[in-house]
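Welcome, and thank you for taking a look at this protein. Below is a short tour that moves from the overall layout to single residues.

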Amino acid sequence: MQICRFNDNRLGLVDGDKVKDVTSALDVLPAQHYPLPTHDLMIANLPHVREAITTVAKGAKSYALSDVRLLSPIANPGKIIAAPVNYKKHLDEARADPQIHHQNQIAEIQRVGLFLKATSSLVGPSESVTIRHPDRRTDHEIELAAIIGTRADRVTREQALADVAGYCIGFDITVRGPEERSLRKSIDSYTVLGPWLTTADSVADPSSLDLRLTVGGEVRQQANTRDLIIGIADLIVFATSFYTLMPGDVLLTGTPEGVGPIKPGEVMDATISGLGSMRVEVR
Ligand code: MN
């Protein structure tokens, strides 16, 4: 199943080049009171929501996908976790290019571990990336994003993929410089998720997906998730050895080689096989 959020916080079921408005499926979510949960409510109740989507999709109003404004498929993630330099060729290019490493030691992911991005950086494809520091180099990074489906603490490798609700295309937009990654990558609009959530049961093998990103029609990044240094299951094992993952937490699995600068006015097109395509403007 492919589930999107669109326009004014509508919930959509993606069906080919159409989207069905299944917003009323969210009526199954439990009523909330302050303090609100620090995880995503829809993902925490995804089995019920999916059942309701199937029911209400039958008489649902339908739109052309090209006519809707796509939002982040996850509205309220509690954490955005990201893997640095998790493709060997990207590690090599980062070490070779002073514009990328800025005299920072670029160490292997096994030594650096994971970092967190502010949830306030998250947008959907229709909202654009807005360059915050035009005087500094800002790079695109396409990444496979795994969305955690359940509370997960100290999980085993065997269990890990069963704890994933689904997958999206993720952008980990980055201003280069000497500061901590969490600062440089947490700028408003510097995390993009889209075009929709493809539920895990619709993804045969997340460890062999083609990723492709073009800027202005020119291919910049092209790779396959089989080249991840630490695969999705082991990233989850690693993350949950430090902290508990919650429903809706986003795990950005790292970007392959080919990162490069983006400028206002440019357009990024991204595709991951089986997960769809999304277009994101740079402002
Ligand atoms: Mn990244």
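Domain bounds here come from an automatic or database domain assignment. On that basis the protein chain is divided into domain 1 (2–67) and domain 2 (80–281). Please keep in mind that this is a predicted model, in which local features need pLDDT of at least 70 and side-chain atom pairs count only at pLDDT 80 or more, while totals for chains, interfaces and linings use all residues. Residues are numbered from 1 along each chain as its sequence is written, and side-chain values use heavy atoms, with hydrogens and water left out.

**How the two domains meet**

The C-alpha centres of domain 1 and domain 2 lie 24 Å apart. Contact means heavy atoms within 4.5 Å, and eleven residues of domain 1 are in contact with 15 residues of domain 2. Together the two domains bury about 1000 Å², with 64% of it on carbon and sulfur atoms. Buried area is the accessible area (1.4 Å probe) that two parts lose on being put together, summed over both.

**Strands E2, E3 and E4**

Two terms help from here on. Helices (H or I, at least four residues) and strands (E, at least two) are DSSP runs, numbered from the N terminus. Two strands pair if DSSP finds at least two bridges between them.

Strand E2 (residues 10–15) and E3 run antiparallel and are joined by four bridges; one bridge partner in E3 is Lys20, which pairs with Leu13. The hairpin of E2 and E3 has two residues between the strands, and Gly16 takes a positive phi near 65° there. On its other pairing, E3 meets strand E4 (residues 62–64) in the antiparallel sense over three bridges, with Val19 facing Tyr63 of E4 as its bridge partner. Strand E3 (residues 18–21) also has two faces: Val19 and Asp21 make up the covered one, Lys18 and Lys20 the uncovered one.

**A four-stranded sheet**

Now look for an open sheet of four strands, paired antiparallel in the order E15-E14-E18-E19. Strand E15 (218–224) and strand E19 (276–281) stand at the edges with a single partner strand each, so one side of each is left without a neighbour in the sheet. Ignoring direction, neighbouring strands of this sheet are turned by 15° against each other on average. Such angles are taken between axes, which are lines fitted to C-alpha atoms (for helices over the stretch in contact), and run from 0 to 180 degrees between N-to-C directions.

The antiparallel pairings within this sheet that involve E14 are set out here.

| Pair | Bridges | Example of partners |
|---|---|---|
| E14 (residues 210–215) and E15 | six bridges | Asp210 opposite Asn224 |
| E14 and E18 (residues 267–272) | five bridges | Leu211 and Ile272 |

E14 and E15 also form a hairpin with two residues between them, where Gly216 in the turn has a positive phi of about 55°.

**A three-stranded sheet and the manganese ion**

Another open sheet, of three strands, has antiparallel pairing in the order E12-E9-E17. Its edge strands are E12 (174–175) and E17 (260–261), each of which pairs on one side only. Strand E9 (residues 138–140) is joined to E17 by two bridges, and His140 stands opposite Gly260 in E17.

Which residues hold the manganese ion as protein donors? They are Glu141 (OE), Glu143 (OE) and Asp172 (OD), lying 2.0 to 2.1 Å from the ion. Donors are N, O and S atoms within 2.8 Å of the metal (3.2 Å for Na, K and Ca); water is not among the atoms, so sites may look incomplete. Along the chain the donors follow the spacing E-x1-E-x28-D. Buried means under 20% relative accessible area, exposed over 50%, and partly exposed in between (1.4 Å probe, protein chains only). Glu141, at 4%, counts as buried, and so does Glu143, at 1%.

**Two residues to look up**

Pro195 is found in strand E13 (residues 191–199) and counts as buried at 0% relative accessibility. Leaving aside neighbours within four places in sequence, the contacts of Pro195 include Cys4, Leu70, Pro125 and Met278.

Ile229 lies in the loop between E15 and helix H8 (232–240). Is Ile229 buried or partly exposed? With a relative accessible area of 34%, Ile229 is partly exposed. Ile229 and Val85 are 144 residues apart in sequence, while their C-alpha atoms are 8.5 Å apart in space. Again leaving aside neighbours within four places, Ile229 is in contact with Val85, Asn86, Tyr87, Lys88, Ile109 and Gln110.
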